[in-house]
Amino acid sequence: MGIIKNMQTKLTQLLNIKYPIIQAPMFLVSNVAMVTEAMKGGIAGCIPALNYRTLEELRAAIQELKANKVEGGSFGFNLIVNKSNLKYKGQLEVLCQEGCDFIITSLGSPEETIKQAHKVGIKVFCDVTDLHFAEKVQQLGADAAIAVNNEAGGHRGNLSPKELTNLLSEKLDIPVISAGGVGHKGDIDKMISYGAAGVSVGSPFIASVEAGVTDEYKQACVDYGSEDIIMTQRISRYALYSN
Ligand SMILES: Cc1cc2nc3c(=O)[nH]c(=O)nc-3n(C[C@H](O)[C@H](O)[C@H](O)COP(=O)(O)O)c2cc1C
(Lines give C-alpha, C1' and ligand atoms only; values in the text may rest on other atoms or scores of the structure.)
Protein backbone atom coordinates (compact mmCIF):
# COMPACT_ATOMS: atom_id res chain seq x y z
CA MET A 1 0.00 0.00 0.00
CA GLY A 2 2.98 2.32 0.24
CA ILE A 3 4.27 4.03 3.33
CA ILE A 4 2.05 6.27 5.40
CA LYS A 5 3.74 8.55 7.87
CA ASN A 6 2.30 10.67 10.63
CA MET A 7 -1.30 10.21 9.61
CA GLN A 8 -3.00 10.86 12.92
CA THR A 9 -6.78 11.11 12.61
CA LYS A 10 -9.87 10.71 14.77
CA LEU A 11 -9.81 7.01 13.87
CA THR A 12 -6.22 6.48 15.02
CA GLN A 13 -7.16 8.24 18.26
CA LEU A 14 -10.37 6.27 18.76
CA LEU A 15 -8.68 2.89 18.34
CA ASN A 16 -5.18 3.80 19.43
CA ILE A 17 -3.70 2.54 16.17
CA LYS A 18 -0.75 3.75 14.14
CA TYR A 19 -2.44 4.13 10.76
CA PRO A 20 -6.08 5.06 9.97
CA ILE A 21 -6.99 1.72 8.41
CA ILE A 22 -9.38 -1.07 9.34
CA GLN A 23 -8.91 -4.47 7.74
CA ALA A 24 -12.61 -4.90 7.00
CA PRO A 25 -14.68 -7.87 8.14
CA MET A 26 -15.22 -10.43 5.36
CA PHE A 27 -17.54 -13.39 5.68
CA LEU A 28 -15.62 -16.68 5.39
CA VAL A 29 -12.38 -14.82 4.61
CA SER A 30 -11.28 -12.93 7.75
CA ASN A 31 -9.66 -14.91 10.54
CA VAL A 32 -7.45 -14.61 13.63
CA ALA A 33 -4.21 -14.90 11.62
CA MET A 34 -5.18 -11.98 9.35
CA VAL A 35 -6.19 -9.74 12.23
CA THR A 36 -3.06 -10.63 14.17
CA GLU A 37 -0.93 -9.51 11.21
CA ALA A 38 -3.07 -6.38 10.84
CA MET A 39 -2.37 -5.48 14.46
CA LYS A 40 1.36 -6.09 14.01
CA GLY A 41 1.22 -3.70 11.07
CA GLY A 42 -0.30 -0.94 13.19
CA ILE A 43 -3.87 -1.08 11.91
CA ALA A 44 -7.18 -2.49 13.14
CA GLY A 45 -8.64 -5.81 12.01
CA CYS A 46 -12.19 -7.09 12.19
CA ILE A 47 -13.83 -10.53 11.82
CA PRO A 48 -17.53 -11.28 11.22
CA ALA A 49 -18.81 -13.07 14.33
CA LEU A 50 -20.68 -15.35 11.92
CA ASN A 51 -17.37 -16.80 10.73
CA TYR A 52 -17.68 -18.96 13.85
CA ARG A 53 -20.30 -21.68 13.90
CA THR A 54 -20.59 -21.74 17.66
CA LEU A 55 -20.35 -19.18 20.44
CA GLU A 56 -17.57 -21.20 22.02
CA GLU A 57 -15.50 -20.89 18.82
CA LEU A 58 -16.16 -17.15 18.83
CA ARG A 59 -15.06 -16.94 22.47
CA ALA A 60 -11.85 -18.84 21.68
CA ALA A 61 -11.07 -16.45 18.77
CA ILE A 62 -11.51 -13.40 21.02
CA GLN A 63 -9.22 -14.91 23.63
CA GLU A 64 -6.58 -15.64 20.99
CA LEU A 65 -6.74 -12.06 19.70
CA LYS A 66 -6.50 -10.65 23.20
CA ALA A 67 -3.33 -12.70 23.67
CA ASN A 68 -1.95 -11.59 20.28
CA LYS A 69 -2.73 -7.90 20.70
CA VAL A 70 0.20 -5.55 20.23
CA GLU A 71 0.67 -1.84 20.87
CA GLY A 72 -0.55 0.21 17.91
CA GLY A 73 -3.06 -2.38 16.70
CA SER A 74 -6.61 -3.17 17.65
CA PHE A 75 -9.24 -5.81 16.94
CA GLY A 76 -12.98 -6.03 16.63
CA PHE A 77 -15.88 -8.14 15.41
CA ASN A 78 -18.70 -7.53 12.99
CA LEU A 79 -22.27 -8.25 14.01
CA ILE A 80 -25.15 -8.66 11.62
CA VAL A 81 -27.84 -7.02 13.74
CA ASN A 82 -31.01 -7.87 11.84
CA LYS A 83 -33.24 -10.88 12.28
CA SER A 84 -31.42 -12.96 9.66
CA ASN A 85 -28.74 -13.54 12.30
CA LEU A 86 -30.21 -16.04 14.72
CA LYS A 87 -27.03 -15.97 16.83
CA TYR A 88 -27.01 -12.17 17.28
CA LYS A 89 -27.95 -11.99 20.98
CA GLY A 90 -25.52 -14.73 21.98
CA GLN A 91 -22.70 -13.20 19.92
CA LEU A 92 -23.23 -9.78 21.49
CA GLU A 93 -23.21 -11.34 24.95
CA VAL A 94 -19.94 -13.20 24.31
CA LEU A 95 -18.28 -10.07 22.87
CA CYS A 96 -19.33 -8.03 25.89
CA GLN A 97 -18.21 -10.73 28.34
CA GLU A 98 -14.80 -11.26 26.75
CA GLY A 99 -14.17 -7.70 25.52
CA CYS A 100 -12.78 -6.38 22.26
CA ASP A 101 -11.83 -2.93 21.02
CA PHE A 102 -14.74 -2.31 18.67
CA ILE A 103 -17.80 -3.79 17.00
CA ILE A 104 -18.91 -3.02 13.46
CA THR A 105 -22.68 -3.40 12.99
CA SER A 106 -24.36 -4.05 9.68
CA LEU A 107 -27.81 -4.78 8.25
CA GLY A 108 -30.15 -3.49 10.92
CA SER A 109 -30.61 -1.22 13.92
CA PRO A 110 -27.46 -1.01 16.06
CA GLU A 111 -29.40 0.23 19.11
CA GLU A 112 -29.02 -2.82 21.36
CA THR A 113 -25.38 -3.34 20.36
CA ILE A 114 -24.49 0.26 21.18
CA LYS A 115 -26.29 0.04 24.53
CA GLN A 116 -24.60 -3.18 25.64
CA ALA A 117 -21.16 -2.53 24.14
CA HIS A 118 -20.83 0.93 25.66
CA LYS A 119 -21.50 -0.48 29.13
CA VAL A 120 -18.23 -2.43 28.86
CA GLY A 121 -16.20 0.16 26.97
CA ILE A 122 -16.40 -1.35 23.48
CA LYS A 123 -16.65 1.20 20.65
CA VAL A 124 -19.32 0.72 18.00
CA PHE A 125 -18.96 1.67 14.35
CA CYS A 126 -22.01 1.32 12.13
CA ASP A 127 -22.13 0.54 8.41
CA VAL A 128 -24.33 3.08 6.60
CA THR A 129 -24.96 3.89 2.95
CA ASP A 130 -26.84 7.18 3.17
CA LEU A 131 -27.37 10.26 5.29
CA HIS A 132 -30.67 9.09 6.74
CA PHE A 133 -29.17 6.01 8.43
CA ALA A 134 -25.96 7.85 9.25
CA GLU A 135 -27.94 10.43 11.24
CA LYS A 136 -29.91 7.65 12.89
CA VAL A 137 -26.82 5.78 14.10
CA GLN A 138 -25.24 9.01 15.28
CA GLN A 139 -28.34 9.76 17.30
CA LEU A 140 -28.21 6.24 18.79
CA GLY A 141 -24.68 6.93 20.03
CA ALA A 142 -22.43 5.27 17.43
CA ASP A 143 -18.75 6.15 17.81
CA ALA A 144 -18.22 6.39 14.05
CA ALA A 145 -20.10 5.77 10.82
CA ILE A 146 -18.65 3.52 8.15
CA ALA A 147 -19.65 5.03 4.81
CA VAL A 148 -20.12 2.05 2.50
CA ASN A 149 -19.91 3.39 -1.05
CA ASN A 150 -20.72 1.96 -4.47
CA GLU A 151 -17.23 0.55 -4.94
CA ALA A 152 -17.34 -1.63 -1.83
CA GLY A 153 -17.11 -5.41 -1.92
CA GLY A 154 -19.98 -7.28 -0.26
CA HIS A 155 -23.21 -5.34 0.30
CA ARG A 156 -22.41 -2.05 -1.40
CA GLY A 157 -24.04 1.35 -1.25
CA ASN A 158 -25.26 3.54 -4.10
CA LEU A 159 -23.17 6.69 -3.80
CA SER A 160 -19.62 7.17 -5.06
CA PRO A 161 -16.76 7.33 -2.54
CA LYS A 162 -16.47 11.08 -3.00
CA GLU A 163 -20.21 11.84 -2.80
CA LEU A 164 -20.84 9.71 0.27
CA THR A 165 -17.72 10.62 2.22
CA ASN A 166 -18.14 14.33 1.53
CA LEU A 167 -21.81 14.28 2.45
CA LEU A 168 -21.47 12.35 5.69
CA SER A 169 -18.36 14.11 6.92
CA GLU A 170 -20.04 17.47 6.36
CA LYS A 171 -23.28 16.54 8.11
CA LEU A 172 -22.17 14.30 10.98
CA ASP A 173 -20.37 15.14 14.19
CA ILE A 174 -18.96 11.62 14.59
CA PRO A 175 -15.97 10.44 12.51
CA VAL A 176 -16.66 8.94 9.09
CA ILE A 177 -14.70 5.92 7.87
CA SER A 178 -14.79 5.35 4.14
CA ALA A 179 -15.34 1.79 2.87
CA GLY A 180 -14.98 0.74 -0.74
CA GLY A 181 -12.50 1.01 -3.57
CA VAL A 182 -9.33 1.64 -1.58
CA GLY A 183 -6.35 -0.22 -3.04
CA HIS A 184 -3.29 1.92 -2.35
CA LYS A 185 -2.05 4.93 -0.44
CA GLY A 186 -3.31 7.41 -3.06
CA ASP A 187 -6.86 6.17 -2.42
CA ILE A 188 -6.43 6.65 1.32
CA ASP A 189 -5.22 10.20 0.75
CA LYS A 190 -8.27 10.86 -1.43
CA MET A 191 -10.72 9.59 1.19
CA ILE A 192 -9.02 11.69 3.86
CA SER A 193 -9.27 14.72 1.56
CA TYR A 194 -13.03 14.04 1.24
CA GLY A 195 -13.29 14.32 5.02
CA ALA A 196 -12.85 10.70 6.14
CA ALA A 197 -11.09 9.91 9.40
CA GLY A 198 -9.86 6.66 7.91
CA VAL A 199 -10.66 3.78 5.60
CA SER A 200 -12.04 0.26 5.88
CA VAL A 201 -10.41 -2.02 3.32
CA GLY A 202 -11.66 -5.50 2.41
CA SER A 203 -11.03 -6.93 -1.07
CA PRO A 204 -7.25 -6.32 -1.29
CA PHE A 205 -6.77 -8.43 1.84
CA ILE A 206 -8.45 -11.47 0.26
CA ALA A 207 -5.14 -12.11 -1.50
CA SER A 208 -3.13 -12.03 1.74
CA VAL A 209 -1.17 -15.09 2.84
CA GLU A 210 -3.29 -15.44 5.99
CA ALA A 211 -6.74 -15.20 4.36
CA GLY A 212 -8.84 -18.31 4.81
CA VAL A 213 -9.56 -18.90 1.12
CA THR A 214 -8.08 -21.09 -1.62
CA ASP A 215 -4.93 -20.10 -3.51
CA GLU A 216 -7.02 -19.99 -6.73
CA TYR A 217 -9.31 -17.36 -5.20
CA LYS A 218 -6.29 -15.33 -4.03
CA GLN A 219 -4.68 -15.56 -7.47
CA ALA A 220 -7.92 -14.48 -9.15
CA CYS A 221 -7.95 -11.36 -6.95
CA VAL A 222 -4.46 -10.56 -8.23
CA ASP A 223 -5.14 -11.42 -11.89
CA TYR A 224 -8.46 -9.61 -12.30
CA GLY A 225 -9.43 -5.98 -11.71
CA SER A 226 -12.40 -3.92 -10.62
CA GLU A 227 -13.85 -4.00 -14.17
CA ASP A 228 -14.26 -7.78 -13.82
CA ILE A 229 -16.55 -7.48 -10.78
CA ILE A 230 -20.29 -7.86 -11.27
CA MET A 231 -23.12 -6.63 -9.09
CA THR A 232 -25.85 -9.11 -8.15
CA GLN A 233 -29.12 -8.66 -6.26
CA ARG A 234 -29.69 -12.40 -6.09
CA ILE A 235 -27.29 -14.08 -3.69
CA SER A 236 -28.23 -12.14 -0.59
CA ARG A 237 -31.55 -10.38 -0.78
CA TYR A 238 -31.06 -8.19 2.27
CA ALA A 239 -30.80 -4.50 1.52
CA LEU A 240 -28.28 -2.78 3.78
CA TYR A 241 -29.80 -1.47 6.99
CA SER A 242 -33.38 -2.51 6.41
CA ASN A 243 -35.08 -3.45 9.65
C1 LIG B 1 -15.65 -11.26 0.39
C2 LIG B 1 -16.25 -10.18 1.22
C3 LIG B 1 -17.03 -10.51 2.31
C4 LIG B 1 -17.59 -9.51 3.12
N5 LIG B 1 -18.31 -9.86 4.23
C6 LIG B 1 -18.78 -8.88 5.06
C7 LIG B 1 -19.45 -9.24 6.28
O8 LIG B 1 -19.61 -10.41 6.63
N9 LIG B 1 -19.92 -8.23 7.03
C10 LIG B 1 -19.77 -6.90 6.69
O11 LIG B 1 -20.20 -6.03 7.42
N12 LIG B 1 -19.13 -6.55 5.56
C13 LIG B 1 -18.63 -7.51 4.75
N14 LIG B 1 -17.94 -7.15 3.61
C15 LIG B 1 -17.72 -5.72 3.33
C16 LIG B 1 -16.39 -5.25 3.93
O17 LIG B 1 -16.45 -5.27 5.33
C18 LIG B 1 -16.03 -3.82 3.43
O19 LIG B 1 -17.09 -2.93 3.69
C20 LIG B 1 -15.71 -3.82 1.95
O21 LIG B 1 -14.89 -4.92 1.62
C22 LIG B 1 -15.00 -2.52 1.55
O23 LIG B 1 -14.83 -2.47 0.16
P24 LIG B 1 -13.52 -3.02 -0.61
O25 LIG B 1 -13.73 -4.50 -0.75
O26 LIG B 1 -13.57 -2.30 -1.91
O27 LIG B 1 -12.32 -2.68 0.20
C28 LIG B 1 -17.39 -8.14 2.78
C29 LIG B 1 -16.61 -7.82 1.66
C30 LIG B 1 -16.04 -8.82 0.89
C31 LIG B 1 -15.18 -8.43 -0.29
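**Exercise 1. Is F27 buried or exposed, and what is its relative accessible area?**

Solution. This is a predicted model. Start with position. F27 lies in the loop between β1 (21-23) and α2 (32-40). Next, take the accessibility. F27 has a relative accessible area of 54%. The cut-off for exposed is over 50%. F27 is therefore exposed. Last, look at its partners. F27, L28 and L50 make a nonpolar surface patch of about 300 Å².

**Exercise 2. Describe the largest nonpolar core, then the surroundings of F75.**

Solution. Begin with the general rule. In soluble globular proteins, nonpolar side chains tend to be buried together. Now turn to this model. The largest nonpolar core has 37 residues. Its members that touch the most other members are L65, F75, F77, L79, I103 and L168. Helix α4 (residues 88-98) gives the most to this core, with five residues.

Then zoom in on F75. Leave out residues up to four places away in sequence. F75 still touches V35, M39, G45, I62, L65, K66, K69, G99, C100, D101 and F102. There is also a second, separate core of 18 residues, and its members include I43, V199, V201 and V213.

**Exercise 3. Count the disulfides, and explain the result for C96 and C126.**

Solution. A disulfide needs two cysteine sulfur atoms within 2.5 Å. Check C96 against that cut-off. Its closest cysteine sulfur is in C100, 7.7 Å away, so the gap is too far for a bond. Check C126 next. Its closest cysteine sulfur belongs to C46, at 12 Å, and that is also too far for a bond. The count for the model is zero disulfides.

Now add burial. The cut-off for buried is under 20% relative accessible area. C96 has 17%, so C96 is buried. C126 has 0%, so C126 is buried too.

**Exercise 4. Place C221 and classify its accessibility.**

Solution. Find the element first. C221 sits in helix α9 (residues 215-223). Then classify. C221 has 29% relative accessibility. Partly exposed covers values between the buried limit of 20% and the exposed limit of 50%. C221 therefore counts as partly exposed.

Finish with its neighbours. Set aside those within four places in sequence: C221 is in contact with I206 and A207. Compare sequence and space for F205. C221 and F205 are 16 residues apart in sequence, and their C-alpha atoms are 9.3 Å apart.

Notes:
Residues numbered from 1 in each chain as written. Predicted model: local features only at pLDDT ≥ 70, side-chain atom pairs only at ≥ 80, totals over all residues. Heavy atoms only, no water. Core = buried A, V, L, I, M, F, W, Y, C linked by side-chain atoms within 4.5 Å. Buried < 20%, exposed > 50% of the residue type's maximum accessible area, 1.4 Å probe, protein only. Helix = DSSP H or I, 4+ residues; strand = E, 2+ residues; numbered from the N terminus. Contact = heavy atoms within 4.5 Å. Patch = residues over 30% accessible without salt bridge, like charges linked within 9 Å, V, L, I, M, F, W, Y side chains within 5 Å. Areas by Shrake-Rupley, 256 points an atom, 1.4 Å probe, with all protein chains shown as cover. Salt bridge = Lys/Arg side-chain N within 4 Å of Asp/Glu carboxyl O.
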